[in-house]
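Here are my notes after a look through this one. I've kept them as separate points so you can check each against the coordinates.

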Amino acid sequence: MKALSAVFALAVLAAGAVDAAALDRRVRINNKSSYDIIEFYASNTGSRSWEEDILGRDILPSGSSVVINIDDGSGYCKYDFLAVFEDGDEVVSNDNNVCELSDFNFTD
């Protein structure tokens with residue numbers, strides 16, 4: 001009985017422990033600005049360069065949202081975001097914890 005209790009206790013502890021590598025990194029990007037987002041980048045804070053444009057050939061129109069899985073396989077939770085708008089403006093937001101963040105808003 002003690003062995004069964006110990007196994008159960010270990011299972012509960014294992015279920016309660018959240019490994020950063022297993023966390024959900026999906027974030028809904030909300031474009032609440034007046035302009036379309038034509039490029040969007042997310043790079044972990046340990047990176048010295050922006051990764052590829054996540055939107056690719058798509059755009060994120062004003063008033064629209066998209067869910068993006070921001071997981072580059074590095075295990076990082078902290079990411080910097082860069083949005084490029086149709087009018088040429090660029091907005092950078094640093095140190096976003098995508099393991100805890102479910103929504104991110106770009107506004108005017």
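1. Let's begin with two phenylalanines: F104 is buried, and F106 is buried too. Keep in mind that this is a predicted model. For F106 the relative accessibility is 3%, so this residue falls well into the buried class, given the cut-off of under 20%.

2. Both residues sit in strand β6, which spans residues 103–107. F104 and F106 make up the covered face of β6, whereas D103, N105 and T107 are on the uncovered one. As background, side chains in a regular strand alternate between the two faces of the sheet.

3. What does β6 pair with? Strand β1 (residues 26–32) runs parallel to β6, and 5 bridges join the two. If you want a spot to look at, N31 stands opposite F106 in β6.

4. Now the rings. A pair of aromatic rings is described by the distance of the centres and the angle of the planes. The structure has 6 aromatic pairs. One of them is F40 with F106, an edge-to-face pair at 6.1 Å centre to centre, with 80° between the planes. This contact links distant parts of the chain, as F40 belongs to strand β2 (residues 37–44) and F106 to strand β6, 66 residues apart. F40 has a relative accessibility of 1%, so F40 counts as buried as well.

5. F106 also pairs with F104. Their ring centres are 4.9 Å apart and the planes meet at 70°, so this pair is edge-to-face. Stepping back, F40, F81, F85, F104 and F106 form one aromatic cluster. The covered face of β6, made of F104 and F106, thus supplies two members of that cluster.

6. On to the cysteines. How many disulfides does the structure hold? There is 1, formed by C77 and C99, with the sulfur atoms 2.0 Å apart. The torsion about the S-S bond is about -80°, so the disulfide of C77 and C99 is left-handed.

7. Where does that disulfide sit along the chain? C77 is in the loop between β3 (65–69) and β4 (78–85), and C99 is in the loop between β5 (90–97) and β6, so the bond ties together parts that are 22 residues apart in sequence. As for solvent, C77 and C99 are both buried.

8. If you only have time for one view, I'd pick β6: its covered face holds F104 and F106, β1 runs parallel to it, and the loop between β5 and β6 carries C99.

Methods. Residues are numbered from 1 along each chain as its sequence is written. Side-chain values use heavy atoms; hydrogens and water are left out. Buried means under 20% relative accessible area, exposed over 50%, partly exposed in between (1.4 Å probe, protein chains only). Helices (H or I, at least four residues) and strands (E, at least two) are DSSP runs, numbered from the N terminus. Two strands pair if DSSP finds at least two bridges between them. A disulfide is a pair of cysteine sulfur atoms within 2.5 Å. Rings of Phe, Tyr and Trp (its six-membered ring) pair if their centres lie within 6.5 Å; planes under 30 degrees apart count as stacked, over 60 as edge-to-face and the rest as tilted.
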